[in-house]
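Biologist: Could you take me through one helix of this protein, slowly and in plain words? I would like to learn how to read its sides.

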Amino acid sequence: MVVLPRETSKIPKFLAKGGDAIIGQEKTIMFKNAIVRPPAKTFNQGLTTAQFGSPDFELALAQHELYCIALQKCGVELIRLEAEENYPDSTFVEDVAVLIRGAAILSNPGAQSRKGEVMAMRTVLGRYFQKMYTITPPGTLDGGDICEAGHHFFIGISERTNEEGGRQMAEFLKNEGFTSSSVQVAGIPGILHLKSGLTFLGNNRLVLIDAFAGLPQFKEYDVFRVDEAENYAANCVWVNDHLLMAKGYPKLRQSLVHHGYQVLSLDMSEYRKMDGGLSCLSLRF
Ligand code: CIR
């Protein structure tokens, strides 16, 4: 593992738009679409372990709209779904599917109250993906536990994703020509899913919380380490030539900007109250 020196200023520049782009040695997928679903009025009845109070619905809605605008600014076309009142956590669309090149994998969310979210997503994804896999019981898996890093995927084993869910995911990925490795996530305070503490930035780079930084799975990567006080900021969205990150985390922001990233900072206060981060709010493909 190499912690990036501050003087490095290699910029992950895409050479082509609207298709595969080359970053250094690596082929990276450009995202053309993102599925989003606004929070429902029942949003504050969702699951949470955070102690930041109840979310303000109107503010959450406004923050969601700014998130959508930011994605559009990154050149992504939005597929906007209707709010789903029966499922308070349904704005966190990332957890119900994993989208890879050529296939969609429907999850089986680890939380009982979220399992019903998958059905609607199956219908939507059927319009865009001919090939679909499904995680089946006793396997459970939340999309937030799956981090794509080029041709390799990290699979978090968490309170939501069990070993069997991870095994099924690894098998589907292998079928599609990808490799994977698993990472233990359960038990790290404040980290619900793998991607709560990890972002892949392309070009062999990761943003990582300290709890993950020493793991052998990440030792070949160049790493932006996140100060513990800024752990929430580790969940970013790297989309086309931009990086969305949560507002209010100056150290990580400064370091990313210094290394040439075009950072768009977004206020995520209301989603943080419900254990959600930036990546959870969209499914990008
Ligand atoms: C939940 O507990 O399922 C939601 N309140 C938050 C889900 C956040 N999703 C994510 O990190 N991928």
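Modeller: Happy to; here is a close look at helix α5 and what lies around it. Residues are numbered from 1 along each chain as its sequence is written. This is a predicted model, in which local features need pLDDT of at least 70, side-chain atom pairs count only at pLDDT 80 or more, and totals for chains, interfaces and linings use all residues.

Helix α5 covers residues 250-258; helices (H or I, at least four residues) and strands (E, at least two) are DSSP runs, numbered from the N terminus. Let's start with its inner side. The buried residues of α5 are L252, R253 and L256, where buried means that 20 or more other C-beta atoms lie within 10 Å of a residue's own, exposed means 12 or fewer, partly exposed is in between, and C-beta atoms are placed from the backbone. Why do these residues share a side of α5? They lie on the same side because they cover an arc of only 100 degrees around the axis; the arc is that of the directions from the helix axis to the C-beta atoms.

Now turn the helix around. The face pointing away from the buried side carries P250 and Q254, which are exposed.

What does the buried side meet? The buried residues of α5 pack against three strands: β14 (222-226), β16 (242-246) and β17 (263-266). Contact here means that the C-beta atoms of two residues, placed from the backbone, lie within 7 Å.

Finally, follow the chain out of the helix: just after α5, G260 takes a positive phi of about 95 degrees.
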